[in-house]
Amino acid sequence: MSARPGEDLGRSGHTETVPVDWYSECDSPATIEAIAEALRAAGHQVYLVEADHALPKWFLTHPVDLVFNIAEGTRGAHRESHIPAILESLKIPFTGSTSLTLALALDKAKTKQLLVQEGIPTPPWQVFEFVEAPLTPSLSFPLIVKPNAEGSAKGISRESVVWDDAALCRQVRWVLERYRQAALVEAFIEGTELTVGIFDNEPPHALPVLEIDFSSCRASGEFFYSWRMKEYQGYTDLGLRPTFYCPARLSPELTARVQAVALRAHQALGCRDLSRIDIRLRADGMPFVLEVNPLPGLDPHESNFPMMTTAAGWSYPAMINRLAEIALRRDRADAHTQELSA
């Protein structure tokens, strides 16, 4: 039995409504085929396998050399870590970060705690488990309210930016009830929206900074990366056509500062192979890390990470196959180390 978009099957089997953005983190068939075609063109035999409850059994009966992981998981606060954890237990190599990193990164508050511990600037925040919690004195309006354990801008809209106590309570209540999880309340940083891709491991390096200019979207009320902005990006009639600059319109010194902060965030969470670091650059030149995404979108036409690898001179097929290559190389190195220690 399956649920349609906009519906979910509760434990009782009865249909319950879920947020309209519930499935937005899932990759499109076109993205999956683009990755598969890039791998096939390099001579690899590719199997497309659904990341569901039957996956462990499939791997027990189908030996593979490598898994190109883009699985978002199915449910739970740490869902992105589920497939990597299975692969780790079966000793099957895969691209991207470990289950530990993926679990941490999907928890926004835990990520921010690690960033602070490493001295990496991130906006001050507070986690709300219930609506009546008092606002900490260190926070002042405007604030932005987000679900604490979602990606792909899920639960973020123009209403998420709040300017007074009444709006704060209303938005926190909406997150608690609609997403059934804690709300992260964060200082809203006025500034330039940037994202930085980190690529490779030998060594990991920052890609050209991508700037997203929302000045043409002000009439829509979506002046930052909300869910609607990501879902309907490019729809001129909705006022959702931001302008992308890659490299960003920054001085060489500021570019280096932003890239250095992004690389530190990547390393703080133990990311490997690739990640995308979302940053707000304040007018005084201070870059604030908003989120660390170790499983960035790979849509060849719309996703930010391929925009940055293209600007760095990597074709889409070359980027995909480089990810497979470094994962295979890591597996061979691990096997060699185990032989030496045996």
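Here is a friendly round of questions and answers on charged and aromatic contacts in this predicted model.

Q: What makes the contact between K146 and E186 a salt bridge?
A: Their side chains meet at 3.0 Å, N to O. The cut-off for such a pair is within 4 Å, so K146 and E186 qualify. K146 lies in strand β4 (residues 143–147) and E186 in strand β6 (residues 183–187), so the salt bridge ties together parts that are 40 residues apart in sequence.

Q: Why is K146 called buried?
A: Its relative accessibility is 4%. Buried means under 20%, so K146 belongs in that class. E186, its partner, comes out at 2% and therefore counts as buried too.

Q: How do you know that R322 forms a salt bridge with E202?
A: The closest N and O atoms of the two are 3.4 Å apart, and the limit is within 4 Å, so the pair counts. R322 sits in helix α10 (residues 316–341), while E202 is in the loop between β7 (191–199) and β8 (205–206). That places the two 120 residues apart, linking distant parts of the chain.

Q: Are R322 and E202 buried or partly exposed, and what makes them so?
A: R322 has a relative accessible area of 11%, which is under 20%, so R322 is buried. E202 is at 45%. That value lies between the 20% and 50% cut-offs, so E202 is partly exposed.

Q: What makes R249 and D213 a salt bridge?
A: Here the closest N and O atoms are 3.5 Å apart, and within 4 Å is what the rule asks, so R249 and D213 pass. R249 lies in the loop between β10 (243–245) and α8 (252–268) and D213 in strand β9 (residues 210–213), so the contact ties together parts that are 36 residues apart in sequence. D213 has a relative accessible area of 16%, under the 20% limit, so D213 is buried.

Q: Which residues do salt bridges with shared partners join into one network?
A: The network consists of K108, K112, K146, E186 and E291. Across the whole structure, the search finds 20 salt bridges.

Q: Why is the pair of W174 and Y179 called edge-to-face?
A: The ring centres are 5.4 Å apart, which is within 6.5 Å, so the rings pair. Their planes stand at 70°, and over 60 counts as edge-to-face, so that is the label. W174 is partly exposed at 34% relative accessible area, whereas Y179 is buried at 5%.

Q: What makes F199 and W314 an edge-to-face pair?
A: Their centres are 5.1 Å apart and their planes are at 90°. The first value is within 6.5 Å and the second is over 60, so the pair is edge-to-face. F199 is in strand β7 and W314 in the loop between α9 (304–311) and α10, 115 residues apart. F199 is buried, with a relative accessible area of 0%, while W314, at 26%, is partly exposed.

Q: How many aromatic pairs are there, and which residues do ring pairs link into a cluster?
A: The count comes to five aromatic pairs. Y47, W58 and F59 are linked into a cluster.

Q: How do you know that the charged end of R249 sits over the ring of Y245?
A: The charged end of R249 is 3.9 Å from the ring centre of Y245, and the distance limit is within 6 Å, so that part of the test is met. R272 likewise lies over the face of F94, at 5.1 Å from the ring centre.

How values were computed
Residues numbered from 1 in each chain as written. Predicted model: local features only at pLDDT ≥ 70, side-chain atom pairs only at ≥ 80, totals over all residues. Heavy atoms only, no water. Helix = DSSP H or I, 4+ residues; strand = E, 2+ residues; numbered from the N terminus. Buried < 20%, exposed > 50% of the residue type's maximum accessible area, 1.4 Å probe, protein only. Phe/Tyr/Trp six-rings, centres within 6.5 Å; stacked < 30°, edge-to-face > 60°. Lys NZ or Arg CZ within 6 Å of the ring centre and 35° of its normal.
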